Amino acid sequence: MSTTASDPLAALGSLPGVPDAVDSVRKAVDRVYGHRVMRRRSNEVTAEAALRGSRGSAALAGADWSLEEVRRRTDFSGEDEARTVGAALRLTAEAGQLLSIWRQSPLRVLARLHLVAAGEATPDDAVGRPRLAGEIVDEPLIEAPLPGAEEVAGRLEGLSRLIIAGGSAPALVTAAVVHGELLALRPFVSHNGLVARTAERIVLIGSGLDPKSICPAEVGHAEQGRAAYVAAFEGYTAGTPEGMAAWITHCGRSIELGVRESTAVCEALQRGAA
C-alpha cells in the first residue's frame, strides 16, 4: 500500500470508480438478503455458498473441479489438486469461527488459516508462521517479485494495525486491501492465495456487509478468470491510484457475481429444486 493518508483505507474509498463499486456491491448484497428464501432457509444458502466459494478459490489455485465433483468427493488426501480442494473446503469452514480473534489479532488468524490449509502437505516447522529468509514459496499463479522476510514482517504488522484500528473505510475496500496485501506478500511457504481469499471472506463477514456469508467473492474471482485476476492484482502491486481502484473494483465485481450465484441458489430452493 503506497498511500500515506492518516486513514489510508478510507482514502482508497474515494478513488475514481470506487464509490460506485461500493454502492453497487451494497445494493446487490441487500437484494439477496431481501430474498424471501432467506427468511427461513438462510442456513442452506450459507452452506451452498461455502461449497461454491471453496470450489472457486481452489480453481484459482489450479484445481478447477466441477461443483459436482467437489460435492461428490469425500477423500481429498490424494493428488495435488485433491489436496488443494480439501484445503479450500477446510478454510471456508474455519472462516466463520475466527471473527472475534480477527478483530483483536489478525496475525494469529492468518497463522491459523495457514495451519488449516497446509495440513500435512507442508513441513511442520514451516506451518503457521511467516516464511524465513531463503525459504521457497509455492504460489505458481502469482509471479510478482517476492518481498524479503523482513519486509513481510513489517508489512504484516502494518496491516494488522490497520485492521485492529478499524476506521471508516467501506468493507469492500478493506477486504480488497487485505486480499491484495496477502497476495503481494505471500507470507507463507504455501497456500497463500487460498489464505488471502479466506481473509477477504472474513472481512466481508465481520464488517457486517455479509454476516451470513452468502456472497462468495471467490466465485466471482474464478468466474472472471485467472488472467483477469492476475491483471487486476498487478494494479494493486503497482500502487498507483488507477491500479488500486482497478483491484478494488475487480473485487467488487467478484462479490456481485457471488451474489448472483447465491440468488440462483435462492431461486432453486424456492422452486424446490435445491
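**Exercise 1.** How many residues does helix 2 have, and how far does helix 2 reach from its first C-alpha to its last?

*Solution.* The model is predicted: local features need pLDDT of at least 70, side-chain atom pairs count only at pLDDT 80 or more, and totals for chains, interfaces and linings use all residues. Residues are numbered from 1 along each chain as its sequence is written, and side-chain values use heavy atoms, without hydrogens and water.

Step 1. Helix 2 (a DSSP run of H or I, at least four residues, numbered from the N terminus) covers residues 18-33 and has 16 residues.
Step 2. Helix 2 reaches 22 Å, close to the expected 22 Å. The expected span is 1.5 Å times one less than the number of residues.

**Exercise 2.** Find the buried residues of helix 2 and what they pack against.

*Solution.*
Step 1. V18, A21, V25, A28, V29 and V32 are buried (under 20% relative accessible area; exposed is over 50%, partly exposed in between; 1.4 Å probe, protein chains only).
Step 2. These residues cover an arc of only 95° around the axis, so they sit on the same side of helix 2. The arc is that of the directions from the helix axis to the C-beta atoms.
Step 3. The face turned away carries exposed D20 and R31.
Step 4. The buried residues pack against helix 1, helix 3, helix 9 and helix 13 (contact: heavy atoms within 4.5 Å).

**Exercise 3.** Which residues of helix 8 are buried, and what follows helix 8?

*Solution.*
Step 1. V152, L156, G158, L159, S160 and I163 are buried.
Step 2. Their cover includes helix 6, helix 7 and helix 9.
Step 3. G166 follows helix 8, with a positive phi near 75°.

Methods
Helices (H or I, at least four residues) and strands (E, at least two) are DSSP runs, numbered from the N terminus.
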